[in-house]
Amino acid sequence: MGISSESLFLPVCRLCTMWKLPSFLARTLTSGTNGLPLLPDMAEGHLPIHVNNVRSRLREIVGASTNWRVHSEGKVRSSAAALRGARIGLVKTEHRDHVQAMQERKALHTLLAKRQEDLPPRRMKDSYLEVILPLGSQPQIREKYLNVYNSVRFGRILEDLDSLGVLICYTHTKQEAQPRSPLSIVTALVDKINLRKKVVHPDCDIKFTGNVSWVGKTSMEVKMHMLQLHDGDYCPVLDATFVMVARDPENKRPAFVNPLIPESPEEEEIFKQGEMNKLKRIDFSTASLLKMAPTAEERNIVHDIFLNTLDTRTVSFRSRVLPPNSVWMEDAKLKGLQICHPQERNIFNRIFGGFLMRKAFELGWATACSCGGSRPFIVSVDDIMFQRPVEVGSLLLLSGQVCYTEKNYIQVRVHSEVYDADTREHHTTNIFHFTFISENEVPRVVPKTYGGKYPVNALPLKLWKRTLPFC
């Protein structure tokens, strides 16, 4: 189940005490990605891929089942008995198709490397890809990407980035002698996405570029960039860093991936940054409230917040006064429900991670909009953690909570979980973090309760630290 809204505030306090930086959120979000090393030009000799062909390429690489329901081409029979028989036939055909695909995948186990050293090293440019989203030159595809403000839906961009990140990793690990990849590559973490522009135009072509920037034993960091065509030139729109993991053909155990060799000082700096990102993720996880008790300074901050909302006439825990231009945190949340249909499945017949990100973003946007009272613009995405897959047919419960505001910036956490109707159990699948900027200054979000419990699953501290320029 989701956690209480009040329990989200303490991690913010921890960040403030550790960094002691005033107005850290507003200052760091406007810094963009300046100072980060730039990749050399890798575009030479690469033909761009149409955005509609990315997922079909993934299916060719994996060899996954393309059918969820096989439709009958014959004349529809009207009797109920015939209809039941037809449905049984469809299910059997679907089952055979899926089982055959899984058996073919299982047979690829023999192609897995026993050691990473047995795999040929790759260069950064070996995995470089370009994808074109021709919103300007092919107007017929605009409607899918258009929002009510006549700009591009950011949720659709998240879907495209997720698919591209996986394809980049398959390109990095491709073996010429193997028509099908034995690896199951899935998104483990969206480390960060930084926006450079508030509005993406719906009538100008978009180009995505990306490549593997760091490799561990079984994981890969992917850096992607989105650019939009204006006056003949492609201008930067966003920069994204994803972390992917490789698993065996049945998606049960980790699998080795090709090592990465930097070829220039610039690439060495990028690879070094990827290694630092890994170490920071480990360090920040140890600072979690799950593992480290609140410090005295953090407890004092929480206590000061409580005192500022105390009704001095009664001096009671139950009697609280909302400060001016503030809103109780418990009143700054929204919830949603999604039925996970087969249409949104990925190449492994589970729900596509990009779809989950899109739905979480849309709820997060609505939560920020209701809190700020005006149109919010996405500024950054941080630490989307994929904790467990979502099966087709699941009931997906989404909870959006504003957990911090500063001036016209809004931080929203979206928690997603699946509900098992048979066992009546809830299981967390993802946690999403979005930062928005509103057109107007927004109320301060204040936790209402001074509880006896600290959060069990609170907003990770690394989210706030990761927005700093040096991260």
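**Exercise 1. Determine which residues Ile193 touches in this predicted model, and place Ile193 within the largest nonpolar core.**

Step 1. Leaving aside residues up to four places away in sequence, Ile193 touches Phe154, Leu158, Leu161, Leu238, Asp239, Ala240, Phe242, Val379, Ser380 and Val381, where contact means heavy atoms within 4.5 Å.

Step 2. The largest nonpolar core has 82 residues, of which Phe154 and Ile193 touch the most other members; such a core is a set of buried Ala, Val, Leu, Ile, Met, Phe, Trp, Tyr and Cys residues joined through side-chain atoms within 4.5 Å, and buried means under 20% relative accessible area with a 1.4 Å probe and protein chains only.

Step 3. Helix 6 (residues 154–172) gives this core its largest share, 10 residues, helices being DSSP runs of H or I with at least four residues and strands runs of E with at least two, numbered from the N terminus.

As to the basis of these values, the model is predicted, so that local features need pLDDT of at least 70 and side-chain atom pairs count only at pLDDT 80 or more, while totals for chains, interfaces and linings use all residues. Residues are numbered from 1 along each chain as its sequence is written, and side-chain values use heavy atoms, with hydrogens and water left out.

**Exercise 2. Describe the surroundings of strand 12 and its pairing with strand 9 and strand 11.**

Step 1. Strand 12 (residues 425–438) is largely enclosed by the rest of the structure, because 10 of its 14 residues are buried.

Step 2. Strand 9 (residues 376–386) pairs with strand 12 in the antiparallel sense over eight bridges, pairing requiring that DSSP finds at least two bridges between two strands; Val381 stands opposite Phe434 in strand 12, and Val381 is also among the residues that Ile193 touches.

Step 3. Strand 11 (residues 409–420) also runs antiparallel to strand 12, joined to it by 12 bridges, and His415 stands opposite Ile431 in strand 12.

Step 4. The hairpin of strand 11 and strand 12 has four residues between the strands, and in this hairpin Arg424 takes a positive phi near 60°.

**Exercise 3. Set these elements against the protein as a whole, using its secondary structure, burial and contacts.**

Step 1. The secondary structure comes to 10 helices and 13 strands.

Step 2. Of the 471 residues in the protein, 50% are buried.

Step 3. Among contacts with a separation of 6 or more, residues 24 or more positions apart account for 78%.
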